[in-house]
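Q: I'm new to this one and would like to learn how to read it. Could you walk me through it, feature by feature?

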Amino acid sequence: MASGIKDKVVILGMGCSKFGERWDANAQDLMVEAFEEALRDAGIERRQIDAAWLGTAIEEQHVGKSAVPLAMTLRLPYIPVTRVENYCATGTEALRGAVYAVASGAADVALALGVEKLKDTGYGGLPQRSRGALNDLFWPNLSAPGSFAQLAAAYRAKHGANRDDLKRAMAHISVKSHANASRNPKAHLRNAITEEDVLKAPMIAEPLGLYDCCGVSDGSACAIVTTPDIARGLGKRDLVAVKALQLAVSNGEEVSFDRWDGSYFATTRVAAARAYREAGITRPREQVSLVDVHDCFSVTELVTMEDLQLSAEGTAIRDVLDGFYDADGQVPCQIDGGLKCFGHPIGASGLRMVYEMYLQLIGRAGDRQRPAPVWGMTHNLGGFPSQNVSSVTIVGQYGA
Amino acid sequence: MANDFGILSFGAYLPRARMQRKAVAAANGWFAPGLKGLSRGERAIANWDEDTITMAVEAARDCLGELDRADLRQLVLASTTHPFDDRQNATVVATALHLPSALRTSDAAGSLRAGTGALIAALEGRETTLVVAADQRRAKAGSTQEMQYGDGAAAMLVGTGTPVARLLGAHTESVDFVHQYRMHDRNSDYGWEERWIRDEGYLKLVPRAVGALLKRCGVDAAAIVHFCLPGTLSKVQAAVAKRCGIPETAVRDPLGASVGDTGAAHPLLMLAHVLEQSAPGDTVLVAGFGEGCDALLLQVGDGRADTRRGVTGALADRREESNYLRWLSFTGTVDLERGMRAEVDKATAMTVLYRNRDMIEGLVGGRCRRCGTVQFPRQRYCVNPECNALDSQDDYVFSERTGRVLSYTADGLTYSPDPPTYFGMVQVDGGGRMLMDFTEVDPASMDVGLPVRMVFRIKDADPNRGFVRYFWKAAPARA
């Protein structure tokens with residue numbers, strides 16, 4: 001049995017660019033913005049970084065292939081740099097590479113940077129491209145909202161949920177995220193909205209309306225990680241450690257085997273169970289202080305609350321409407337605005353979530369600061385409900 | 001007559017959408033007020049994802065039903081609107097139908113007599129032959145053809161058994177009488193004056209062919225019980241019958257008010273309609289007009305014809321369409337602004353299509369010999385996590401399976417020629433599931449649990465290279 005990642009690696013510094021429609025910035029500008037903040041926060045120099053990981057998903061839209069764009073932009077001195085891509089969980093993959101490098105002893109200090117520049121397509125929403133020569137011949141003609149909207153139909157059928165209750169819970173999720181983002185200066189969408197706004201918005205993919213969908217944004221986020229000893233040696237106190245780092249990837253069971261009912265993420269359930277075990281969490285609903293999940297669409301957030309064992313199966317609608325996940329609720333969800341409002345520059349999102357948990361744990365979250373959080377959890381997802389990549393990351397006070 | 005040679009089975013297909021002629025006349029009345037006189041009834045129009053090939057597949061499926069397809073020796077696809085000039089269209093149909101590769105396939109084309117010609121050849125031959133005729137003729141906006149044509153398909157299985165009908169004889173007059181024509185690079189037909197077509201064409205060439213046929217067969221025109229003659233000219237069928245001595249009561253409705261003229265398919269469609277309603281022993285005369293005339297004299301046999309959907313079922317399964325502009329955009333008559341999402345490159349790798357042709361064109365998946373799991377797509381390892389056996393699967397054909405909707409959405413973001421795009425997970429009866437596009441959806445009845453059947457349709461088009469991709473979609477299973 002592997003000993004796991006718990007407390008082997010700590011965050012030395014983090015940075016995050018302003019997310020949004022960054023008409024002013026190239027991907028390279030966004031990378032520098034996140035990197036400069038992280039480097040200052042870490043209190044080290046560029047030459048102290050032993051290895052780096054670049055996460056970017058739709059590279060043809062901006063920087064192109066390989067890790068070269070990161071090395072060139074940051075002027076990294078001929079160190080090993082790796083580029084990773086795993087759908088919308090790409091940012092977490094970059095972090096996983098850096099954390100594992102430090103944990104293995106191969107690197108003392110490692111960098112993970114995620115970036116995406118999406119607003120150069122000429123239209124709203126994510127760019128649509130070939131999905132592979134064979135897939136293009138039989139995959140349905142789907143958009144991201146269309147594929148996640150499937151959850152709503154299946155969830156309703158499974159739990160006998162009322163159409164209006166589900167739609168209201170989804171609306172509550174978006175209203176909450178907008179309210180949270182209004183207190184986040186780096187967020188893309190900072191306007192407050194009402195439940196009525198959500199319910200009246202134009203339909204994108206039934207039952208998802210415009211406000212059920214996350215922002216498509218430009219942005220970058222960055223983490224510098226090291227060992228607890230090195231961090232202390234650099235004068236760091238109140239260390240934030242990685243407690244769990246889990247990933248589960250679909251193998252075709254959901255889409256081709258007759259067991260899955262379409263209402264949940266089989267991957268998230270597996271990754272969450274493994275992450276809780278790795279971190280030593282036994283009662284997540286009571287123990288997790290804060291969570292940032294992959295709320296690409298409101299319904300994704302809703303079913304994910306059950307997949308992460310925060311709500312019992314079939315009870316997420318009630319918990320959401322009761323305010324359990326609001327900023328002043330028991331487990332605040334998307335305290336920074338989430339994908340919905342902080343924005344979703346694909347390669348950066350997984351690192352952006354960890355950035356918020358890091359700020360909360362060291363008490364630097366400003367107006368959004370929650371009192372004395374202990375465990376921060378992030379959930380980063382990519383693909384489609386029927387075949388996807390799902391990651392669960394837990395960070396917390398070192399030694400806790 | 002158990003070992004007689006003749007028509008053993010038949011089938012038909014009409015697209016569900018029926019364009020209301022009133023709407024066409026109203027839109028064009030400012031320019032062509034004369035269309036008002038043609039504005040009664042409706043005509044069948046292909047959906048954006050249908051063409052001659054997909055309609056042919058549906059008619060063939062209706063014809064073949066549960067019959068053993070391994071006996072087929074020949075398949076002919078007759079049409080004046082084959083999608084491909086080079087790439088045999090009949091072979092695409094054969095692949096979608098899972099017919100064995102040891103099969104003589106051919107396209108019959110170039111005339112409205114393509115369908116009757118192929119049927120005569122099959123009936124005068126000895127081989128088990130599937131004759132399918134389908135047409136989707138384009139017409140200019142505001143033309144009479146636009147009003148009078150219809151889209152549809154019919155299929156006839158010819159072979160040895162207990163025929164639904166057998167051939168008494170056939171005769172063809174080939175005369176270069178050009179009542180209309182369409183050259184290769186044109187989308188619509190150019191026609192001459194109707195009075196000339198009637199007087200010099202229908203009223204002379206059809207009686208000449210019919211007369212010669214009846215004389216050779218020794219059958220009196222008065223003995224004909226059903227007379228099938230396509231044609232859009234007013235009352236031309238009755239006038240021809242009278243000239244031939246065929247009783248007025250034998251003249252069949254050419255389905256102008258409900259379908260329109262389906263071109264090369266129409267004589268076969270009318271014959272199929274007769275075979276649904278005729279009695280054993282009835283004498284049927286079918287004529288196909290165009291650069292002369294094909295005439296077939298048939299006698300209805302004891303073969304049963306009551307289990308299929310046929311023309312009667314296809315006529316009943318209809319949806320009224322009044323959006324003329326939508327139809328014009330489907331046929332490419334109007335060039336809509338389709339947005340940047342329509343710009344995605346749809347290049348097809350022929351190597352990939354060929355390796356996976358059974359999966360893509362035939363909807364073939366796998367069934368594991370070890371654990372019995374039915375699955376799509378078929379991959380090297382079985383998907384059952386308790387099995388995962390290597391190379392353990394036999395072919396499993398999903399196309400004739402029904403299923404139920406497990407999840408769905410109406411996607412308004414992704415590009416579709418007819419938004420929103422409906423797609424979702426289908427749980428197939430008997431095992432297996434697939435995430436697939438839906439078509440022919442009635443939005444009000446769409447929900448989890450809805451019964452569906454599989455239909456062969458256009459998936460998308462590649463305008464840059466002039467290619468069309470086909471795949472299977474789920475359509476609501478209607479009675």
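Q: Let's start with a helix. Which residues in α1(A) are buried?

A: Sure, and keep in mind as we go that this is a predicted model. An α-helix has 3.6 residues a turn, so residues three or four places apart point the same way. Now run down α1(A): its buried residues are A27(A), L30(A), M31(A), E33(A), A34(A), F35(A), A38(A), L39(A) and A42(A).

Q: What do the buried residues of α1(A) pack against?

A: Four elements of chain A: the strands β1 (10–16), β4 (109–116) and β7 (219–226), plus the helix α2 (68–74).

Q: How far apart are the end C-alpha atoms of α1 (residues 27–42) of chain A, and what span should its 16 residues have?

A: At 1.5 Å a residue, α1(A) should span 22 Å, and its end C-alpha atoms are 22 Å apart, so the two agree. Just after α1(A) comes G43(A), with a positive phi near 70°.

Q: Now a helix in chain B. How many residues of α8(B) are buried?

A: Ten of the twelve, so you can call α8(B) mostly covered. The buried ones are H266(B), P267(B), L268(B), L269(B), M270(B), L271(B), A272(B), H273(B), V274(B) and L275(B). As for length, α8(B) covers residues 266–277 and reaches 17 Å from its first C-alpha to its last, close to the 16 Å expected.

Q: Next, sheets. In what order do β2, β3 and β14 of chain B lie?

A: Here's the general idea: strands of a sheet pair through backbone hydrogen bonds, either parallel or antiparallel. In this case three strands of chain B form an open sheet in the order β3-β2-β14, with mixed pairing. Each of β3 (42–44) and β14 (319–321) of chain B has a single partner strand, so one side of each is left without a neighbour in the sheet. On average, neighbouring strands here are turned by 35° against each other, direction ignored.

Q: In what sense do β2(B) and β3(B) pair?

A: Antiparallel, over three bridges, with β2(B) made of residues 17–20. Look for Q20(B), which stands opposite E42(B) in β3(B). Then find helix α1 (residues 21–28) of chain B: this helix packs on the sheet, touching β2 and β3 of chain B, and its direction makes about 45° with that of β2(B).

Q: What about unusual backbone geometry? Where are D238(A) and L363(B)?

A: Most residues other than glycine have a negative phi, and most peptide bonds are trans. D238(A) has a positive phi, near 50°, and sits in the loop between α8 (228–233) and β8 (240–249) of chain A. L363(B), also not a glycine, has a positive phi of about 50°; its place is the loop between α12 (357–362) and β15 (364–368) of chain B.

Q: Is D238(A) buried or exposed, and is L363(B) buried or exposed?

A: Count the other C-beta atoms within 10 Å. D238(A) has 9, so this residue is exposed. L363(B) has 24, so this one is buried.

Q: And which residues does a cis peptide bond join in chain A?

A: E206(A) and P207(A), with omega about 0°. P207(A) is in the loop between β5 (203–205) and β6 (208–209) of chain A. Chain B has a cis peptide bond between F376(B) and P377(B), with omega about -5°. You'll find P377(B) in the loop between β16 (374–375) and β17 (393–397) of chain B.

Q: How is chain B divided into domains?

A: The domain assignment gives domain 1 (4–330) and domain 2 (340–363 + 398–476). Their centres, taken over C-alpha atoms, are 29 Å apart. The contact between them takes 17 residues from domain 1 of chain B and 13 residues from domain 2 of chain B. On the domain 1 side, α2 (52–64), α3 (89–96) and α10 (324–330) of chain B each supply at least two residues, and α2(B) has the largest share, four residues. By class, that side has seven nonpolar, five polar and five charged residues.

Q: Last one: how many residues of chain A are in contact with chain B?

A: The size of an interface is often given as the accessible area lost when the parts come together. Here we count residues instead: 33 of chain A are in contact with 39 of chain B. On the chain A side, α4 (135–138), α5 (144–159), β5 and α9 (253–256) give two or more residues, and α5(A) gives the most, with seven. By class, the chain A side has 17 nonpolar, twelve polar and four charged residues.

Terms used. Residues numbered from 1 in each chain as written. Chains lettered and ligands numbered in written order. Predicted model: local features only at pLDDT ≥ 70, side-chain atom pairs only at ≥ 80, totals over all residues. Expected span 1.5 Å × (residues − 1). Buried ≥ 20, exposed ≤ 12 C-beta atoms within 10 Å, placed from the backbone. Domains from an automatic or database assignment. Contact = placed C-beta atoms within 7 Å. Nonpolar A, V, L, I, M, F, W, Y, C, P; charged D, E, K, R; others polar. Pairing = 2+ DSSP bridges. Axes fitted to C-alpha atoms, helices over the stretch in contact; angles between N-to-C directions.
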